[in-house]
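Please read the following walk through the structure with the sequence and the 3D view side by side. The paragraphs begin with pairs of charged side chains and then turn to the interior and the surface.

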Amino acid sequence: MCDPVSGTLAVVSAVTAAVGGGLTAYSQQQQGKAANQAARMQAQQYADQAATAHAQAQVAQIQGEHEAERRYRILSQDIGSMYAQFAGNGLDVTASGGTVADALKTSVSEGLADVSAISANTRMNVWGHLADATQLRNQSSITAFQGKTAQQAGTLGAIGTGIGTIGSTVSAGISGAQAGKNVNKAFGWYQ
């Protein structure tokens, strides 16, 4: 038969160890869930930013194409105006050499260089937006993975705490029972 002091100390020690371990395990699991939820939200923000960057790339492409077309139309109009001006002044615009031809060639070369620069700048701008979108998509994937890992770590930590709690509970029960026996012996209550 178990004496009342030993039994009480054993139960109190075991219950205290079990409750403490249970709370710790629950806390670890909840921390893992919270970390996963926060990571998923951050991953979604990165994904949204990636979509925005991709849309900016499309807008930049369209704007660049329109700007290049506009500059080409202006170039065509300027060349036409130059032909008309030269012809109106009695200069031969059909000659392949001379001042008129050189002026036309220079204007055409400069205008085409402008169109080419606009196209190159557009490509670089679009590339920058697409690179940003790729980086943000990658960051979204990494962050989501980190969240899953944090939740798994929380769950594994909770399992480890649960296993440790079982050992602590048994040990606390045995220690409590032994302490109760020692108290009984000290006071001579039960033998």
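**Charged pairs and the two helices**

Because Arg-70 and Glu-67 are three residues apart in helix 1, about one helical turn separates them. Their side chains meet in a salt bridge, with 2.7 Å from N to O, and this takes place in a model that is predicted. Arg-70 is partly exposed, at a relative accessible area of 36%, and Glu-67 is likewise partly exposed, at 30%. Side chains of opposite charge can pair when their charged atoms come close.

The structure holds two salt bridges, and the other pairing to consider is that of Asp-114 with Arg-71, whose side chains meet at 2.9 Å, N to O. Asp-114 lies in helix 2 whereas Arg-71 lies in helix 1, so this pair ties together parts that are 43 residues apart in sequence. The partners also have their own degrees of exposure: Asp-114 counts as partly exposed at 35% relative accessibility, while Arg-71 is buried, with a relative accessible area of 18%.

With these pairs in view, the overall layout can be described. The chain contains two helices and zero strands, and helix 2 covers residues 99-187, while helix 1 covers 4-88. Among contacts between residues at least 6 apart in sequence, 86% join residues at least 24 apart. Buried residues make up 25% of the 191 residues in the chain, and the accessible surface comes to about 12400 Å², of which 60% belongs to carbon and sulfur atoms.

Where, then, is the largest nonpolar core, and which residues make it up? It consists of six residues, namely Leu-75, Ile-79, Met-82, Phe-86, Val-100 and Leu-104. Helix 1 and helix 2 are the elements that give two or more residues to this core, and the largest share, four residues, comes from helix 1. Leaving out residues up to four places away in sequence, Leu-104 touches Ile-79, Met-82, Tyr-83 and Phe-86. Gly-80 is also a residue of helix 1, and its C-alpha atom is separated by 9.7 Å from that of Leu-104, which is 24 residues away along the chain. Gly-80 counts as partly exposed, at 37% relative accessibility.

Two further residues of helix 2 can be followed to their contacts. His-129 lies in helix 2 and counts as buried at 18% relative accessibility, since the cut-off for that class is under 20%. Its side chain makes a polar contact of 3.5 Å with the side chain of Gln-56, and, not counting residues up to four places away in sequence, His-129 touches Ala-53, Gln-56, Ala-57 and Ala-60. Thr-143 is placed in helix 2 as well, and is buried, with a relative accessible area of 7%. The side chain of Thr-143 reaches the backbone oxygen of Gln-139 at 2.8 Å; apart from neighbours within four places in sequence, Thr-143 is in contact with Ala-39, Gln-42, Ala-43 and Tyr-46.

Finally, the surface has a nonpolar patch formed by Val-11, Val-15, Val-19 and Leu-23, which together have about 370 Å² of accessible area. Leu-23, one of its members, is found in helix 1 and counts as exposed, at 58% relative accessibility.

Key. Residues are numbered from 1 along each chain as its sequence is written. This is a predicted model: local features need pLDDT of at least 70, side-chain atom pairs count only at pLDDT 80 or more; totals for chains, interfaces and linings use all residues. Side-chain values use heavy atoms; hydrogens and water are left out. Buried means under 20% relative accessible area, exposed over 50%, partly exposed in between (1.4 Å probe, protein chains only). A polar contact is a pair of N or O atoms within 3.5 Å; within protein, one must be able to donate a hydrogen and the other to accept it, and residues adjacent in sequence count only if both atoms are side-chain atoms. Contact means heavy atoms within 4.5 Å. A nonpolar core is a set of buried Ala, Val, Leu, Ile, Met, Phe, Trp, Tyr and Cys residues joined through side-chain atoms within 4.5 Å. Accessible areas come from the Shrake-Rupley method with a 1.4 Å probe; for residues, only the protein chains shown count as cover. Patches are made of residues with over 30% relative accessible area and no salt bridge: like charges are joined within 9 Å, nonpolar side chains (Val, Leu, Ile, Met, Phe, Trp, Tyr) within 5 Å. A salt bridge is a side-chain nitrogen of Lys or Arg within 4 Å of a carboxyl oxygen of Asp or Glu.
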